[in-house]
Amino acid sequence: MVEEVSIPALNITRSAELVQEQLGHRGIDKVGGKLWWQWRRDEAPPKAEWIEMRKDHQERQRTGDKGQRVMLYVHGGAYYFGSVDEHRYQMQRHARKLRARVLAPRYRLAPQFPFPCGLHDCLAAYLWLIEQQDPSTILLAGDSAGGGMVLSMLVILRDRGLPLPAGAVLISPWVDLTHSFPSVAGDG
């Protein structure tokens, strides 16, 4: 069961405010200003996709339950490739094993949309999600660059005093973009 949703403008705007607060003036200057990364065509709001097993969806519809298990999954791909389509099978498996609904944001990718574009989109998806669900029912998850994105989102949520999810699953997260850890070049 797959359903596409659009993230409302209010969540996009709030996400941009949070990213700007987190980066501060010096950080905003380093990414080239506070406006260019917020640009998008008017007819192209960020989208996300609900992925859920059909039988779980039918049971939820029958009982009128929003679902007590929701995963926001951010796909990997080094921030410049990969997609929800490419990772859908993995997300379907998570949905089936957890009997959960999975929300997968379709975030903008580099090089056309470098940092902080993707973070802006994923954070907007989370802000929309906590309007739909109690944060205690939400699990954030991501693989590789998606795991790094989830960690960045968690830091912003913590630092800005926003509701935190129940937990997070980071699958081989790419968190050392400078490749400075000893394990990159050796057995550290």
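Here are legends for a handful of close-up views of this predicted model.

**View 1. The annotated stretch, residues 71–182.**
An unreviewed UniProt entry labels this part of the chain "domain: Alpha/beta hydrolase fold-3". Over residues 71–182, helix makes up 41% of the chain and strand 19%. The C-alpha atoms at the two ends of the stretch sit 32 Å apart.

**View 2. The cavity.**
Search the whole structure for cavities of 30 Å³ or more and you get one. The largest cavity has a volume of about 60 Å³. Its lining is made of Met1, Val2, Glu3, Trp50, Ile51, Glu52, His57, Arg60 and Arg101. The elements giving two or more residues to that lining are β1 (2–6), β2 (47–51) and α2 (54–63). Sorted by class, the lining has four nonpolar residues, four charged ones and one polar one.

**View 3. Trp50 and its neighbours.**
Trp50, one of the residues lining the largest cavity, also belongs to one of the three aromatic pairs in the structure. Its partner is Trp128, in a tilted arrangement with 6.3 Å from centre to centre and 55° between the planes. This pair ties together distant parts of the chain: Trp50 comes from strand β2 and Trp128 from helix α4 (residues 117–132), 78 residues apart. Both Trp50 and Trp128 are buried. Arg101 joins the scene too, lying over the face of Trp50 at 3.7 Å from the ring centre.

**View 4. Tyr80 meets Phe81.**
Here is another aromatic pair, this time edge-to-face: the rings of Tyr80 and Phe81 are 5.0 Å apart centre to centre, with 70° between the planes. Phe81 counts as partly exposed because its relative accessibility is 42%.

**View 5. The largest pocket.**
About 310 Å³ of space lies in this pocket. It is lined by 19 residues, and the closest to its centre are Tyr79, Phe115, Met149, Ser152 and Leu177. Helices α4 and α5 (145–159) are the elements that give two or more residues to the lining, with α5 providing the largest share, four residues. By class, the lining has 15 nonpolar residues, three polar and one charged.

**View 6. The second largest pocket.**
This pocket holds about 240 Å³ of space. Among the residues lining it are Glu52, Asp56, Glu59, Arg60, Arg99 and Arg101. The largest share of the lining, four residues, comes from α2. Eight of the lining residues are charged, three are polar and one is nonpolar. Glu52, Arg60 and Arg101 also appear in the lining of the largest cavity.

Methods:
Residues are numbered from 1 along each chain as its sequence is written. This is a predicted model: local features need pLDDT of at least 70, side-chain atom pairs count only at pLDDT 80 or more; totals for chains, interfaces and linings use all residues. Side-chain values use heavy atoms; hydrogens and water are left out. UniProt positions are given in the numbering used here, feature names are shortened, and annotations may be inferred rather than shown by experiment. On a 1 Å grid over the protein atoms alone, a cavity is a set of points where a 1.4 Å probe fits but cannot get out, and a pocket is an open set with protein on both sides within 12 Å along at least five of seven lines; lining residues have an atom within 4 Å of a point. Grid points are joined across faces, edges and corners, and a volume is the space filled by probe spheres set on the points. Ala, Val, Leu, Ile, Met, Phe, Trp, Tyr, Cys and Pro count as nonpolar, Asp, Glu, Lys and Arg as charged, and the others, Gly among them, as polar. Rings of Phe, Tyr and Trp (its six-membered ring) pair if their centres lie within 6.5 Å; planes under 30 degrees apart count as stacked, over 60 as edge-to-face and the rest as tilted. Buried means under 20% relative accessible area, exposed over 50%, partly exposed in between (1.4 Å probe, protein chains only). A charge sits over a ring if NZ of Lys or CZ of Arg is within 6 Å of the ring centre and within 35 degrees of the ring normal.
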